[in-house]
Amino acid sequence: MTTTSEPEVDPGLDNFRSLVALQQPTWPDASALVAAREQLAASAPLVVPAASDTLRSRLAAASRGEAFLLQGGDCAETFAEANADRIRNKIRTILQMAVILTHGASMPVVKMGRMAGQYAKPRSSDDETRDGVTLPAYRGDMINGHAFTPGSRVPDPQRLVDAYRISAATWNVVRAFTTGGFADLRQVHEWNRGFMRNPAYARYERTASEIDRAIRFMDACGADFDALRTVEFFVSHEALVLDYERALTRFDSRTGDPYDTSGHFLWIGERTRQLDGAHVDFLSRIANPIGVKLGPTTSPDDALALARRLNPDDEPGRLTFITRMGAGRIREALPPLVEAVAREGITVTWVTDPMHGNTITSDSGYKTRRFDDVLDEVRGFFEVHRAAGTVPGGLHVELTGDDVTEVLGGSEEIDDAGLALRYETLVDPRLNHQQSLEMAFQVAEMLRR
Ligand SMILES: O=C[C@H](O)[C@H](O)COP(=O)(O)O
Ligand SMILES: C=C(OP(=O)(O)O)C(=O)O
């Protein structure tokens, strides 16, 4: 359990305040921010340290090739969509993908949502201009509103408290879905049969029928399917708004160590991973398993310095490197990082994010990605690790369980005109339900190889 009592040695949790913190909102009302921080600091933890420790051991297994991480969810969760239907669809998609990947990998799949806290976004520009009007950019529901009006775009600290409250409600629904009959393996398998209507099904029929046979085999052997009704599920988000993360940090009564209880796993984004910056400092001081996004400009020295700073004891499962190079660059950009980390004998869990390096603008002006590029980056990730003799430990994707049309291609052959049909994301394009399943089948084939 957690306690709010301070340990004897100051762990320096507020040290980040004297450092440069990029991508922070400019809150117009300092006293409202203090009030929101106080309210959060007095709130119950969202997750408990023991569960973050369990996740650390699962990620350690993934670093050794004994498990595979599937981390997925919205680019930006929104308050308006934190309802049971949307959450259920997302959970269902992740569970479906996990069954396909488990079969491909023949090892446990660690399931983790970009959920219950993914409410803040780093942006390329501080402003947005439409029809000659310039307003502050939308930075996620934790900070300001998406509506393009001056009032909505003003950062409001009360949103930090709302984000906590809605994250708690989301986590509650996630737990209900992952521990009740909803996660029953037989049911998930039935859903995957629904994929038979997908035009690309023929390509995946062999895998699907192998899973079918495996389940019938388990059934015939008397497997206790009731014991498989509950799945272990973790939640994660980018630790971007440091006032939020700091206010939800608690000391573990077992050890006195500080844990950020806003999620089991927190990551530092590509734009905020400066070694001397506030984000790296804060995350170096919490005991959760953590990740860092690494883009194509990362040098081997950057990667080594981050690993030494964030995981000085080289604890397995503590540090995940989530690479997001772009399909065109991964085969050149990733090998030097992987080789340097391996040469130094440093333990990290390597995960691919094939989304963020593959963003393009379509001819009609949509921010989108090509499904083929996304898959090609995953393929490149496996090729690089296999060539280096290192372990491809997981997949990080932006997805939704709904039938949106945000990513080009896939078996439904979404084209530029098709994007307009149901383009709903507020920031980056997500794989839809069918594209997510198709990706899982393809990654299962890569894992099997
Ligand atoms: O999700 C990632 C970033 O927040 C996003 O790609 C930034 O988008 P922008 O370039 O539209 O600001
Ligand atoms: C902003 C994100 O990614 P990156 O830091 O890799 O750009 C994200 O994952 O939402």
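Hi everyone, let's start with aspartate 428: leaving aside neighbours within four places in sequence, this residue is in contact with Cys75, Thr359, Lys367 and Glu398. Contact here means that two C-beta atoms, placed from the backbone, lie within 7 Å.

A quick word on the model. It is predicted, so local features need pLDDT of at least 70 and side-chain atom pairs count only at pLDDT 80 or more, while totals for chains, interfaces and linings use all residues. Residues are numbered from 1 along each chain as its sequence is written, with chains lettered from A and ligands numbered from 1 in the order in which they are written.

Aspartate 428 sits in the loop between α12 (416–419) and α13 (433–448); helices (H or I, at least four residues) and strands (E, at least two) are DSSP runs, numbered from the N terminus. Is this residue buried or exposed? Aspartate 428 counts as partly exposed because it has 18 C-beta neighbours inside 10 Å. The cut-offs are 20 or more other C-beta atoms within 10 Å for buried, 12 or fewer for exposed, and partly exposed in between.

Now its partner, cysteine 75, in the loop between β2 (68–73) and α3. Cysteine 75 has 20 such neighbours inside 10 Å, so it counts as buried. Its contacts, not counting residues up to four places away in sequence, include Glu398, Thr425 and Asp428.

The unreviewed UniProt entry annotates Cys75, His356, Glu398 and Asp428 as "binding site". They are spread over 354 residues of sequence, yet cluster in space, with a largest C-alpha distance of 10.0 Å. Such annotations, given in the numbering used here with shortened feature names, may be inferred rather than shown by experiment.
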